[in-house]
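Student: I'm new to this one and would like a close look at a single part. Could you take me through how a pair of its helices meet, and then what lies around them?

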Amino acid sequence: MKKKLKDLYCQRPHVVIVGAGASRAVMGKSCPTMNEAIEQVGLDRILEGFMLETKSKNLEDIYSELFRRGDECKNARIAMEKKLYEYFSNVQLPSFLTIYDLLILSLTEKDCIVSFNWDSLLIQAYNRVAKITWNRPKILFLHGNVGAGVCKDCMTFGLIQNYCRKCGKPYNAVPLLYPVEQKDYNSDSFIRDQWSVAKYYISKAGKVTIFGYSALSSDKEASEILKAAFSKHDGVHRLDAVEIIERPGFNANEISETWQYFFSLTNYHSDIVDSFYNSYLAQAPRRTLQYQYQQFIRGWWGQPKIHFSKQDTFESVETLLKPLLVNEEQGDYSII
Ligand SMILES: [Zn+2]
């Protein structure tokens, strides 16, 4: 009986929700925030000669205005979309080990990463850690992604540089969901599909980590869907936990109402850490639910011996994870 409870608990997905703050932590300034994008991506040149009503320099505010004003701003809006797409297509991971590589390696195939980012950094990390393991999490992109391609005829998705596995034609770019106040998550089949899988994972999650995603009130639509998904099964998350990874100096009072709601559903089993390295993901890689089970249900005060640190390299991490990977081959997911 005990064994069964443990299995049920530990086999549930760990869902990591990733926002712009995560790419920022990995890449520094080359992943601009909404406040920096206009200047950094060179969008200000497109806007020259326009009398904008908003005084804001924020991409979302400006894009929303262009969208609202319709035909008179259509060309500028399309030029802006093209420029953003190009910019994010060129954002590449450095050759050394990054937090995104560790994030992929910290999870297994039952888990899921849900990203709101346009850059393809997670896909790049996913592909390059294949030399360490094929047992990797699913990745979903809720605002589209420059690394993703789609074949609308066959409804297949894959890497943008690949060909449709059904008809053999090259994939087309997935449209990015640009920042308007009222987002429509049903307008595009790729994005709709990604959301429906994300909702499934979030409803079943035994642990949710939010990495650099504030879920501000400006994306009301997203907040409502996330909340509805997490509360789908009554009472199920009472022994689960929510963890937030935020920038150093983050004020806990800034936590959005969306995440407060997540906290309440888990009986306030909630944590805020200021670095990926202090998160469960780094402290108990590939065994996060097992670690949570030991702590919450068994009252264990120990710590896994295998954990990530800032000094890790591709070589050291491969050696470090080896014992876990060998056990996984036998279906053994115990903590080491
Ligand atoms: Zn096709």
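Student: Within what distance do the axes of α8 and α9 come, and at roughly what angle do they cross?

Tutor: Before we dive in, keep in mind that this is a predicted model, in which local features need pLDDT of at least 70 and side-chain atom pairs count only at pLDDT 80 or more, while totals for chains, interfaces and linings use all residues. Residues are numbered from 1 along each chain as its sequence is written, and side-chain values use heavy atoms, with hydrogens and water left out.

Now to your pair. The axes of α8 and α9 come within 7 Å and cross at roughly 45 degrees. (Axes are lines fitted to C-alpha atoms, for helices over the stretch in contact, and angles run from 0 to 180 degrees between N-to-C directions. Helices are DSSP runs of H or I with at least four residues, strands are runs of E with at least two, and both are numbered from the N terminus.) α8 and α9 are therefore oblique to each other; under 35 degrees counts as roughly parallel, over 145 as roughly antiparallel, 65 to 115 as roughly perpendicular, and the rest as oblique.

Who does the touching? From α8 you get Trp195, Lys199, Ile202 and Ser203, and they meet Ala222, Ile225, Leu226, Ala229 and Phe230 of α9. Contact here means heavy atoms within 4.5 Å. Sorted by class, this contact has seven nonpolar residues, one polar and one charged. (Ala, Val, Leu, Ile, Met, Phe, Trp, Tyr, Cys and Pro count as nonpolar, Asp, Glu, Lys and Arg as charged, and the others, Gly among them, as polar.)

Let's follow α9 onward. Helix α9, residues 220–230, also has an axis that comes within 10 Å of the axis of α10, and there the crossing is roughly 5 degrees. α9 and α10 are therefore roughly parallel to each other. In this contact Ser223, Leu226, Lys227 and Phe230 of α9 face up to Glu257, Thr258, Trp259, Tyr261, Phe262 and Leu265 of α10. The tally by class is six nonpolar, two polar and two charged. Look out for Leu226 and Phe230: they turn up in the contact with α8 and again in the contact with α10.

Next comes the sheet that α8 and α10 pack against. This open sheet has six strands in the order β3-β2-β1-β7-β8-β9, and the pairing is parallel. Two strands pair if DSSP finds at least two bridges between them. At the edges sit β3 (138–141) and β9 (270–273), and each of them pairs on one side only. From one strand to the next, the twist averages 15 degrees.

Zoom in on one edge: β8, residues 241–245, runs parallel to β9 and is joined to β9 by four bridges. Val242, for instance, stands opposite Ser270 in β9.

Back to the helices. Helix α8, residues 189–204, packs on this sheet and touches β1 (14–18), β2 (112–115) and β3, and the direction of α8 makes about 130 degrees with that of β3. Helix α10, residues 257–265, lies across β1, β7 (207–211), β8 and β9, running at about 150 degrees to β8. So far, then, β1 has come up with both helices: with α8 and with α10.

If you'd like another sheet for contrast, there's an open one of three strands, ordered β5-β4-β6, with antiparallel pairing. β5 (156–159) and β6 (172–173) each have a single partner strand, so one side of each is left without a neighbour in the sheet. Strand β4, residues 148–151, is joined to β5 by four bridges, and the bridge partner of Val150 is Phe157 in β5.

One more helix pair to try your eye on: the axes of α4 (59–68) and α5 (74–89) come within 9 Å and cross at roughly 140 degrees. That makes α4 oblique to α5.
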